[in-house]
Every structure is written in C-alpha cells, then in structure tokens.
Amino acid sequence: MTETPPTIDLRLFATFASRSPANASRYPIASGMTVAQVIDTLEIPAAEVKLIFINGVRVQPDAQVHGGERVGLFPPVGGG
Amino acid sequence: MPRHLAEAITARIDPGVAPDGAPRPTLSLAHVHRIARETGTHVRQVELAALHAGVTPERYLRNRQTYDIPDQIRLLEARAAVVGLGGLGGTVIEILARAGVGALVLIDGDRFEAHNLNRQLLCTEAYMGTSKATIAAQRVAAINDAVQATTHTTFLTEENARDLIAECQVVVDCLDTIETRFIVEQAAREAGIPMISAAVAGLTGHVTTIFPGDRGLEMVHGPRHHLKSAKGAEAVLGNLPQTVVMAAAMECSEALKVLTCRTGPSLRNKLWIMDLTDNTFEVLSLV
C-alpha cells in the first residue's frame with residue numbers, strides 16, 4: 001500500500017493566481033522541501049516572489065514544509 | 001477658553017440623550033457655525049471649546065460611542081499627512097475629515113486623468129486635468145470646515161519629504177509606486193512618527209502600520225536596494241475601486257488608532273491582506 005504524500009494548502013496572490021494549480025488546496029510536496037523548491041515546481045521565477053507566509057507568519061525561501069501547512073506567496077504589490 | 005465663547009456655547013447646548021439614556025449635551029452644526037461667525041473664532045476652536053465643556057458637536061454624534069470626548073479632542077488637535085491623493089488617498093481624506101482630524105496635509109503633484117475615474121473618489125468628469133491636491137482640499141472643506149487642509153501640489157521627494165510631513169503625528173502612505181513609499185518611511189522615521197502603508201493590485205491588497213524603529217517596508221517589499229521596478233503586480237492587474245476603498249478604510253482605522261492613542265491590537269509588524277477573488281481576509285505576522 002502506497003502512503004499518501006504530504007500536502008500543503010497553497011495560496012497564490014495577485015499575478016500568481018493565474019498559475020495556481022488545480023490541486024492548490026492539497027498540493028503534494030515531499031516532507032522537508034523548502035518553499036524555494038515548492039516555488040520551482042510552480043514555475044514561478046524566485047525573484048518574482050516578494051512575500052512568503054507559512055501558517056500566517058512571514059518566512060524566508062529556505063523555510064521547510066512538512067505537510068499540513070498553509071503557504072501564501074505574493075508578488076510585489078504597489079498600486080494605489 | 002474666552003468667556004464670550006464659553007457663554008455662546010452654554011446658551012446653545014441641546015441637552016440630548018445617549019443611546020444608553022445618559023445625558024449627552026450636543027451643539028448643532030448650525031450653532032457651531034453661528035458661534036464661529038459671531039465670535040470671530042475658527043470652527044475647529046468652537047468645536048474644541050464645546051468638547052472641553054463636555055459638549056459633543058452634532059457632526060461627531062455617531063462616532064461618540066467609539067471616540068469619546070477626550071478622543072475627539074485628540075483627533076481635532078491632530079495633524080495627519082496624506083501622501084498621494086488617488087484611489088487610496090481620495091478615500092482616506094474622506095474618512096479622516098469626517099472623523100474630525102483637525103489638520104490634513106494633502107500631498108500630490110498629479111492631475112486627474114480619465115483612467116482615474118474608475119476608482120478615485122475625488123475624480124469626476126469635470127476635473128480632468130485638475131490638481132488632485134486642490135480638489136482634495138475642496139472636498140475636505142465641503143465635508144468638515146473644522147478641518148484645516150494644507151495643500152501641496154507637488155510630488156514627495158527625498159528633498160522635500162521631511163518638510164512636507166513636519167509637525168504631523170501620523171503619515172498615511174497612499175502612493176502608487178513602491179520606491180517613493182521608502183522615502184516616506186525614511187522621513188517618518190526621522191520625524192519619529194508612525195506611518196500607515198497600503199498597496200493594492202487588482203483584487204488583492206495589503207496594509208501595515210510602521211512605527212519608527214520597526215523594520216517596516218522592507219518586511220513587505222524587500223530591501224529598498226533590491227527593488228527592480230517602481231511598480232508591482234498592479235502594472236498587470238490594474239487597480240479596482242472595491243479594493244482601494246477597502247484598503248483605504250483599513251488605513252484610516254489604523255491612523256485613527258494611532259491618533260487616539262489606542263494600545264490594543266494594531267497592524268504594527270503585521271500585514272492585513274485581502275483577496276476579494278475568494279474573500280480572503282487575514283492578518284499575517286511580519287516578524
């Protein structure tokens with residue numbers, strides 16, 4: 001019996017929304033992956049990611065996910 | 001308080017009753033204006049004199065359960081700078097003027113264009129090509145003549161930022177470029193005052209409150225020297241009226257907390273985010 005891979009609840013904001021995968025709310029990861037690696041799988045250029053949140057707290061791209069986290073990604077936003 | 005002013009107010013008090021049945025003496029708008037005329041006193045001074053006598057000017061009656069008399073005095077004696085008078089700024093001045101923030105410094109060198117009509121409350125078809133700061137001052141005067149509006153029809157720059165926000169207790173960042181926000185932050189830091197900052201793109205927006213000494217904008221936009229472009233996602237997604245008005249309202253909520261010295265929860269070191277695509281509203285921790 002194969003184990004179900006861990007998943008994260010992925011939230012992509014603003015211009016990233018259009019790259020949100022269909023399974024964003026249960027996005028499969030490998031436990032211990034960094035957010036930077038998750039971003040790679042989404043084919044979003046790392047330089048475009050301005051803000052990363054895990055479970056409501058700002059983190060750096062090297063923060064790890066293990067499954068069950070809510071992960072939010074923002075591009076730069078500056079309008080008024 | 002001059003005796004003639006105190007007497008003029010006392011003679012015109014409406015006894016009034018609060019929602020809980022307690023007495024709530026008030027002074028009607030017409031009486032405020034009449035007393036100002038008769039005594040040669042500025043409307044704001046009449047309202048302040050009334051408040052010091054425990055009398056609520058009628059125009060603030062519906063704020064009174066949240067902002068008591070000492071709060072309203074703080075607001076009327078306060079000076080706030082609003083930098084940028086487009087989508088965010090046009091809504092911010094509307095709210096701050098109605099709340100009775102006594103002095104507003106209105107800063108924007110821009111003029112209205114047709115593409116502002118979708119979201120900028122100050123912008124009407126009649127004002128194409130007209131100075132945003134000038135129209136903002138007219139709007140403030142029309143809403144609340146107790147509020148003293150100082151107009152600067154110039155863009156905020158490294159050179160003038162400190163002078164523009166001098167004597168203010170808070171600065172509300174309503175700009176539309178990321179780089180200039182850092183100039184405002186630096187000036188606010190040097191002036192030792194808090195700054196409220198909002199940014200929007202399409203249906204997404206965020207707001208934060210920055211005190212001097214906080215890491216502030218670099219927590220939201222990354223370090224200033226890493227900025228690649230003055231604009232963000234809004235260059236692609238545009239700016240929508242529902243998003244800017246909500247973000248502006250949140251900025252005002254925070255600015256009014258600062259000005260009334262509230263010590264409860266705020267957006268300091270936090271980021272309020274919204275996404276109206278799926279009605280996400282969340283307060284995130286920046287530290």
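Here are some short exercises with worked solutions on a predicted model that has a chain A and a chain B.

**Exercise 1. The interface of the chains**

Work out how many residues each chain brings to the contact, and how much area is buried between chain A and chain B.

*Solution.*
Step 1. Start with the residues: 19 residues of chain A and 38 residues of chain B take part in the contact.
Step 2. Turn to the area. The size of an interface is often given as the accessible area lost when the parts come together. Here about 2100 Å² is buried between chain A and chain B, and carbon and sulfur atoms give 58% of that area.
Step 3. Look at the residues of chain A that lose the most area to chain B: they are Arg58(A), Val77(A) and Gly80(A), and together they make up 29% of what that side buries.

**Exercise 2. Polar links across the interface**

Find how many salt bridges join chain A and chain B, and name the residues that form them.

*Solution.*
Step 1. The count across the interface is 2 salt bridges. Side chains of opposite charge can pair when their charged atoms come close.
Step 2. One salt bridge joins the side chains of Arg70(A) and Glu282(B), at 2.9 Å from N to O.
Step 3. Another is formed by the side chains of Asp278(B) and Arg11(A), also with an N to O distance of 2.9 Å. This pair crosses from the loop between strand 9 (270-275) and strand 10 (280-285) of chain B, where Asp278(B) lies, to strand 1 of chain A, which holds Arg11(A).
Step 4. Check how open these two residues are. Asp278(B) counts as partly exposed because its relative accessibility is 44%, and Arg11(A) is partly exposed at 23%.
Step 5. Widen the search to polar contacts: 16 residue pairs are counted between chain A and chain B, with both residues at pLDDT 80 or more. On the side of chain A that touches chain B, strand 4 (51-54), strand 5 (57-58) and strand 7 (70-74) of chain A each supply at least two residues. By class, that side has 10 nonpolar, 5 polar and 4 charged residues.

**Exercise 3. A strand of chain B**

Decide how many residues of strand 4 (residues 103-107) of chain B are buried, and which way they point.

*Solution.*
Step 1. Count the buried residues: 5 of the 5 residues in strand 4 of chain B are buried.
Step 2. Sort them by direction. Ala103(B), Val105(B) and Ile107(B) point one way, while Leu104(B) and Leu106(B) point the other way.
Step 3. Find the partner. Strand 3 (residues 79-83) of chain B pairs with strand 4 of chain B in the parallel sense, over 5 bridges. In this pairing, Val82(B) is opposite Leu106(B).

**Exercise 4. Buried or exposed?**

Is Asp71(B) buried or exposed? Ask the same of Val170(B), then find what each one touches.

*Solution.*
Step 1. Asp71(B) belongs to helix 4 (residues 69-76) of chain B. Its relative accessibility is 5%, so Asp71(B) counts as buried.
Step 2. The side chain of Asp71(B) makes a polar contact of 2.9 Å with that of Arg74(B). Beyond four places in sequence, Asp71(B) touches Thr66(B), Thr260(B) and Arg262(B).
Step 3. Val170(B) lies in strand 6 (residues 170-173) of chain B. With a relative accessible area of 0%, Val170(B) is buried.
Step 4. Among the residues that Val170(B) touches beyond four places in sequence are Ala80(B), Ile193(B) and Val258(B).

**Exercise 5. Salt bridges within chain B**

Place the salt bridges Glu94(B) to Arg98(B) and Arg162(B) to Glu190(B) in the helices of chain B.

*Solution.*
Step 1. Glu94(B) and Arg98(B) meet at 2.6 Å, N to O. Because they are 4 residues apart in helix 5 (residues 87-99) of chain B, about one helical turn separates them.
Step 2. Compare their surroundings: Glu94(B) is buried at 15% relative accessibility, whereas Arg98(B) is partly exposed at 44%.
Step 3. In the salt bridge of Arg162(B) with Glu190(B), the closest N and O atoms are 3.0 Å apart. Arg162(B) is in helix 7 (residues 161-164) and Glu190(B) in helix 8 (residues 178-191) of chain B, so the pair ties together parts 28 residues apart in sequence.
Step 4. Arg162(B) is exposed at 57%, and Glu190(B) is partly exposed at 43%.

Terms used:
Residues are numbered from 1 along each chain as its sequence is written. Chains are lettered from A and ligands numbered from 1 in the order in which they are written. This is a predicted model: local features need pLDDT of at least 70, side-chain atom pairs count only at pLDDT 80 or more; totals for chains, interfaces and linings use all residues. Side-chain values use heavy atoms; hydrogens and water are left out. Contact means heavy atoms within 4.5 Å. Buried area is the accessible area (1.4 Å probe) that two parts lose on being put together, summed over both. A salt bridge is a side-chain nitrogen of Lys or Arg within 4 Å of a carboxyl oxygen of Asp or Glu. A polar contact is a pair of N or O atoms within 3.5 Å; within protein, one must be able to donate a hydrogen and the other to accept it, and residues adjacent in sequence count only if both atoms are side-chain atoms. Ala, Val, Leu, Ile, Met, Phe, Trp, Tyr, Cys and Pro count as nonpolar, Asp, Glu, Lys and Arg as charged, and the others, Gly among them, as polar. Buried means under 20% relative accessible area, exposed over 50%, partly exposed in between (1.4 Å probe, protein chains only). Two strands pair if DSSP finds at least two bridges between them.
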